[in-house]
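Me: I'd like a close look at one spot in this structure, and then a few other places for comparison. Please take it slowly and spell out the cut-offs as you go.

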Amino acid sequence: MATPHIAAQPGDFAPAVLMPGDPKRAERMAQAILDQPKLVTEIRGIPGFTGAYAGDGPHRGKPLSIMASGMGMPSITIYATELFRFFDVERIIRVGTAGGVSDQVDVGDVLIAVGAHTTSSMNELRLPGTHFSAVADLRMAAAALAAADQADQPVFSGCVISSDHFYLKIPDQLEALRRHGVLGVEMEAAGLYGVAAEHGRGALAVLTVSDHLTKTGSDMTAEQRETVFQGALGLAVAAAFA
Ligand code: HPA
């Protein structure tokens, strides 16, 4: 049973799906951490893979899926809705990047987004007259934090802001976000958390800080980005099997 945006059959997805934004990264992740990944969909060049988790540890051999989300809340909410509603997916873990907002975070740090503020109307439309709280699944967030502790890997947990804009930066808004402890800016988490709430399923965003909005000159090279990303991936896997 294909859906408008996913050409897979029932049972093609594992209970947990890791979601990077970039289709090529989804492919590289599948090759790196899945045993015999099967391509189950690629409508619009958005691939989804399912295989057995090939990493070491207690979860080796368990089914796991990896699918790209594309960029922005409209894109991730389409895929997340179809995965939860038609493919019995229970957990989605966004594995992506964020721009650093807080002075405390640096490029290369990993953020566990326990909550996501947003400037988008996507969640406001869900509950008219109510300010929706876009929050991660606590069990999944706790599993990611525990995995970080176990690996002695520093992480930040807190709120991010999910923006509809990549290039529009409003100075006063940025300053207010910083004063309220916002760790970073990205473009998907709040939308994903809204869809998870609607379907009674779990979601989490594990984000690597790829650039910083005010600490200039500290952007990562593509190679550094890939290495740091591996650390974040380990935490996302822990959340997938929480
Ligand atoms: N804005 C939105 N998303 C991002 C950014 C940013 O500055 N950096 C990485 N993802």
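**A glutamate and the ligand beside it**

Reply: Let's start with Glu186, which lies in strand S8, residues 184-186. Strands here are DSSP runs of E with at least two residues, helices are runs of H or I with at least four, and both are numbered from the N terminus. Before going on: this is a predicted model, where local features need pLDDT of at least 70, side-chain atom pairs count only at pLDDT 80 or more, and totals for chains, interfaces and linings use all residues. Residues are numbered from 1 along each chain as its sequence is written, and side-chain values use heavy atoms, with hydrogens and water left out.

Back to Glu186: it counts as buried because its relative accessibility is 3%. Buried means under 20% relative accessible area, exposed means over 50%, and partly exposed is in between (1.4 Å probe, protein chains only). The side chain of Glu186 makes a polar contact of 2.6 Å with the side chain of Ser162. A polar contact is a pair of N or O atoms within 3.5 Å; within protein, one must be able to donate a hydrogen and the other to accept it, and residues adjacent in sequence count only if both atoms are side-chain atoms. Leaving out residues up to four places away in sequence, Glu186 touches Arg94, Thr97, Ala98, Val160, Ile161, Ser162, Ser163 and Leu207, where contact means heavy atoms within 4.5 Å.

Now for the ligand. Glu186 is one of the residues around it, and so are Thr97, Ala98, Gly99, Phe166, Lys169, Val185, Met187, Ser210, Asp211 and Leu213; to be listed, a residue needs a heavy atom within 4 Å. S8, strand S5 (91-100) and strand S9 (202-212) each supply at least two residues of that shell, and S5 gives the most, with 3 residues.

What about the polar atoms? On the backbone side, a polar atom of Gly99 is 3.1 Å from a nitrogen atom of the ligand. The side chain of Lys169 puts a polar atom 2.9 Å from a ligand oxygen, and an N or O atom in the Asp211 side chain is 3.0 Å from a ligand nitrogen. On its own the ligand has 260 Å² of accessible area, and the protein covers 93% of that (Shrake-Rupley method, 1.4 Å probe).

The ligand sits in the largest pocket. On a 1 Å grid over the protein atoms alone, a pocket is an open set of points with protein on both sides within 12 Å along at least five of seven lines; a molecule sits in it if more than half of its atoms lie within 2 Å of its grid points.

Now some other places. Pro58 is in the loop between strand S3 (48-53) and strand S4 (63-67), and it counts as exposed because its relative accessibility is 71%. Gln36, found in strand S2 (residues 34-41), is exposed at 69%, and its phi is near 45°, a positive value in a residue other than glycine. Arg44 is in the loop between S2 and S3; it is not a glycine, yet has a positive phi of about 55°, and at 70% it is exposed.

Last comes Gly234 in helix H6, residues 222-240. Gly234 is partly exposed, at 39%. Its C-alpha is 10.0 Å from that of Ile33, although the two are 201 residues apart in sequence.

Key. 1 Å grid on protein atoms, 1.4 Å probe; cavity = no way out; pocket = protein on both sides within 12 Å on 5 of 7 lines; lining within 4 Å.
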